[in-house]
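Work through the following exercises with the sequence and the coordinates at hand, and compare each step with the solution given beneath the task.

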Amino acid sequence: MSVRLVWEGRDDAPLASEGALVHVEGEGPHEVVEGPNLPALRALLATGRTYGLAYLDPPYSSAADYAHTDGRAAYSDKWSDRDAYLTALFPCLRLVHALLAPHGTIWVQVDHRASGLVQPLLDEIFGAQRLRNVIAWRRAPPLGRQVQSGQFPRNLDLLFAYAKSDKPRWHPVWGLLPFDKKKARLDPTNGRYFTTAPRGDYTDESVARLEAEGRIHRTESGKVYVKYWLEQGEDGQLYKPKAVDAVWDDVAPLRHASPKERTGYPTQKPEPLLARIVESTSDPGDAVLDPYAGSGTTGVVAARLGRPFTLVDQSPAALDTMRARLRDLPVRWLRT
Ligand SMILES: C[S@@+](CC[C@H](N)C(=O)[O-])C[C@H]1O[C@@H](n2cnc3c(N)ncnc32)[C@H](O)[C@@H]1O
């Protein structure tokens, strides 16, 4: 059953508006818009600009209020019912869709409470065929008391990635797994360590090609193995490259980040999570949009990776956190 049939709060209003953004201070290329995201996005749309990447980390319908560690209220995630939550999110997703460039990708992060609500909205707006990935991020290791809670620990966030067209930006990402040196072999011709795997269903032609690349290892009995090169850290530790897949259990929770990275803003996400998103689905120079910016993690990472950003948030605590965090970057501050 589609959302269209079960949900009364659908908003088909025209997207762009007359409203313009008011310049507060500073100069870009980066931007922060202070205020609610719907008028901000409508005003951005009216300028005709587009974004290569959008990351949304909205409230998760968690029925909780969130505060900064300094005690100030940050934002409320309490909704009268499911429709009120969808009524707030749906027009935002429509506007982001309209703001994406043809090569653009949207990422939406939620947890078990909202994932079943959000995916049908994205299917409706982008088309189910534009779904690129559902990523499971293990956001925290299970705690002892969760294991006793009568269910598996609820320690996943889900990230939905949808593309605007069938030709989005895409760069595969490789991770490195520590590899035991005792199990590695050394190639004396180039000084590199390698591991091996049986030739499997490689054809003789493929084996000949790999041989020419120096990637065939023959045992004394003449058995053929394929070599896989290992990376070596400065401390001598060996690592095996591994293509990152849809289960992200190698991105540590924020509480493991350095004190410098932790801003005290609730629900702040770790920078390596955003780095993986930005690097995999945008190019340097692509503009990055985050309409639920919180502490500004998306902006910090986008700027470091050479992408201009537009962040939006309506919470005074979030805006103060961003002011401190982005103070060394050229940012044009705007308001709705
Ligand atoms: C989960 S937090 C985002 C955290 C962020 N990803 C980070 O790393 O810090 C959600 C944010 O959305 C903001 N927000 C919620 N509704 C909004 C709206 N309608 N307009 C603008 N900001 C909104 C809240 O103030 C809050 O800062």
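Two residues are in contact if their C-beta atoms, placed from the backbone, lie within 7 Å. The model is a predicted one, in which local features need pLDDT of at least 70 and side-chain atom pairs count only at pLDDT 80 or more, while totals for chains, interfaces and linings use all residues. Residues are numbered from 1 along each chain as its sequence is written.

**Exercise 1.** Determine which share of the contacts in the chain between residues at least 6 apart in sequence joins residues at least 24 apart.

Solution. Take the contacts between residues at least 6 apart in sequence; of these, 73% join residues at least 24 apart.

**Exercise 2.** Describe how helix α7 packs against helix α8.

Solution. Begin with the bounds, residues 271-281 for α7 and residues 297-304 for α8, helices being DSSP runs of H or I with at least four residues, numbered from the N terminus. Next, take the axes, which are lines fitted to C-alpha atoms over the stretch in contact, with angles running from 0 to 180 degrees between N-to-C directions; the angle is about 55° and the axes are 9 Å apart. Angles under 35 degrees count as roughly parallel, over 145 as roughly antiparallel, 65 to 115 as roughly perpendicular and the rest as oblique, and α7 and α8 are therefore oblique to each other. Finally, list the contact residues: Glu271, Leu274, Ala275 and Val278 in α7 meet Thr297, Thr298, Val300, Val301 and Ala302 in α8.

**Exercise 3.** State the extent of the C-alpha trace along its principal axes.

Solution. The trace of the chain spans about 75 × 45 × 40 Å.

Key:
Helices (H or I, at least four residues) and strands (E, at least two) are DSSP runs, numbered from the N terminus.
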